[in-house]
Amino acid sequence: MIKVISDFIKRIFFQIFQDRSALKIGLYGPPNSGKSTLANKICKDWIGEEMSKVSNIPHETREIKIKEKITVKHKNKELTFNLVDTPGLATKIDYEDFVKKGMKAAQAKKRAKEATRGVIESIKWMDSMDAILVVLDATENPYSQVNITLIGNLVARKIPLVVVANKIDMKKAKIKKVEAAFPQYDVVGISALKGHNMEELYESIFKLIRER
Amino acid sequence: MLTLQFIPYKEIQSLSSEKRISKILNIVKNDKIVLLQGRLFPEEETTLIERTMEQISRSKFKGVEICTVMPNTNQTLIDKIRNSIASALLGNRDGVTIIGPASIVKEIKRDPDKILLFTKEAKKRRRR
């Protein structure tokens, strides 16, 4: 209950006291698609420090994380924004999945509970974003309902988006499949971990903000 | 044994979003798979996820698997405009939405006109 109240206060506080001129760019997507890895890569590139903890166990990010005033420079242009890293969206969370990854039952149950709250928070924050990078794992099936629901919601809420097909350094990655799944959107293939194709992503972010 | 419960769109048409979601989740929590005519509005889909998450944290419920399959028809521009106006006003009756409990339904895949529904038992059986 205390956590729910503190998350609510955090969101309201952010909405009231944020620098209204600062753009908010959110990283949304399913768990383990590499949102936090991408957040860290962007922060490392432009402010020299990381913002989120990463792990191979899903739902590592269980609360909203914000890095303020990141200034990206690209082709003589500058863009300053607040980067919002969000917990992965999911329709199911089973603590036993965390136990299978080597966690103790009590720890896994706590993680599952926090993860459910994280999903709710991600959804609640969606409306306060100016633009969203939908981060997908390019090695996974792009036609998952979470991806479709997420993109459908952004369209309904008129929030501009870029589809980021992450993990293109992996053999199983199928960027063409992601492009075929979302033909009406700009799809950028990157590897946040290896830093591949980040220039194209920054170009897309500029374009997204310009067309907003 | 799997139980599939069909919900025609007219059964939820007059309900508020919260009541629609509550109706669907109550069926799913009774270990039944819902076959809903049409689809929910995008905002209702996220509300369904929110309510699902709230109920996971309160009970032994583990969540849902959802899949929406839309007919892949080549419509004329006029048909598209007519259908989008009808969908905005009356809701989307095209296609079908499947919502099952995650404790029973492991995965739902589109292929793209047919639906592959993998249940936990089926996976176990295959492994043996």
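Read along the sequence, chain B follows the pattern β-α-α-β-α-β-α-β-β-β-α, which amounts to five helices and six strands. Helices (H or I, at least four residues) and strands (E, at least two) are DSSP runs, numbered from the N terminus. Chain A holds seven helices and six strands, and from its N terminus the elements run α-β-α-β-β-α-α-β-α-β-α-β-α.

This is a predicted model, in which local features need pLDDT of at least 70 and side-chain atom pairs count only at pLDDT 80 or more, while totals for chains, interfaces and linings use all residues. Residues are numbered from 1 along each chain as its sequence is written, chains are lettered from A and ligands numbered from 1 in the order in which they are written, and side-chain values use heavy atoms, with hydrogens and water left out.

## The two chains

The table uses three terms. Buried means under 20% relative accessible area, with exposed over 50% and partly exposed in between (1.4 Å probe, protein chains only). Contact means heavy atoms within 4.5 Å. pLDDT is the predictor's confidence in each residue, from 0 to 100.

| Property | Chain A | Chain B |
|---|---|---|
| Residues counted as buried | Chain A: 51% of 212 residues | Chain B: 38% of 128 residues |
| Share of contacts with a separation of 6 or more that join residues 24 or more positions apart | Chain A: 70% | Chain B: 67% |
| Average pLDDT | Chain A: 90 | Chain B: 83 |
| Residues with pLDDT of at least 70 | Chain A: 91% | Chain B: 73% |

Confidence also varies along each chain. Among the elements of chain A, helix H1 (residues 2-17) has the lowest mean pLDDT, 65, and strand E5(A) the highest, 98. In chain B the lowest mean belongs to helix H5 (residues 120-127), at 56, and the highest to helix H2 (residues 17-29), at 96.

## The sheet of chain A

Six strands of chain A form an open sheet in the order E2-E3-E1-E4-E5-E6, with mixed pairing. E2 and strand E6 (187-189) of chain A stand at the edges with a single partner strand each, so one side of each is left without a neighbour in the sheet. From one strand to the next, the twist averages 30°. Angles here run from 0 to 180 degrees between N-to-C directions, and axes are lines fitted to C-alpha atoms, for helices over the stretch in contact.

Two strands pair if DSSP finds at least two bridges between them. E2(A) and E3(A) pair in the antiparallel sense over eight bridges; one of the bridge partners is A:Asp85 in E3(A), which is matched with A:Lys65. These two strands form a hairpin with two residues between them, and A:Lys75 in the turn has a positive phi of about 45°.

E5(A) and E6(A) pair in the parallel sense over three bridges, and A:Val188 in E6(A) is the bridge partner of A:Val164. Helix H2(A) packs on the sheet, touching E1, E2, E3, E4 and E5 of chain A, and its direction makes about 55° with that of E2(A). Helix H5 (residues 145-156) of chain A also packs on the sheet, where it touches E1, E4 and E5 of chain A; its direction makes about 170° with that of E4(A).

## Helix H2 of chain A

Helix H2 of chain A covers residues 35-47, and its 13 residues should span 18 Å at 1.5 Å a residue; its end C-alpha atoms are 18 Å apart, which agrees. The expected span is 1.5 Å times one less than the number of residues. The buried residues of H2(A) are A:Lys35, A:Ser36, A:Leu38, A:Ala39, A:Asn40, A:Ile42 and A:Cys43. Among the elements they pack against is helix H7 (198-210) of chain A. Just after H2(A), A:Gly48 takes a positive phi of about 75°.

## Two buried residues

A:Ile190 lies in the loop between E6 and H7 of chain A and counts as buried because its relative accessibility is 0%. Leaving aside neighbours within four places in sequence, the contacts of A:Ile190 include A:Leu38, A:Val164 and A:Leu201.

B:Glu65 is found in strand E3 (residues 64-69) of chain B and, at 11% relative accessibility, counts as buried. The side chain of B:Glu65 makes a polar contact with the side chain of A:Lys92 (2.7 Å). A polar contact is a pair of N or O atoms within 3.5 Å; within protein, one must be able to donate a hydrogen and the other to accept it, and residues adjacent in sequence count only if both atoms are side-chain atoms. Beyond neighbours within four places in sequence, B:Glu65 is in contact with residues including A:Thr91, A:Lys92 and B:Ile98.
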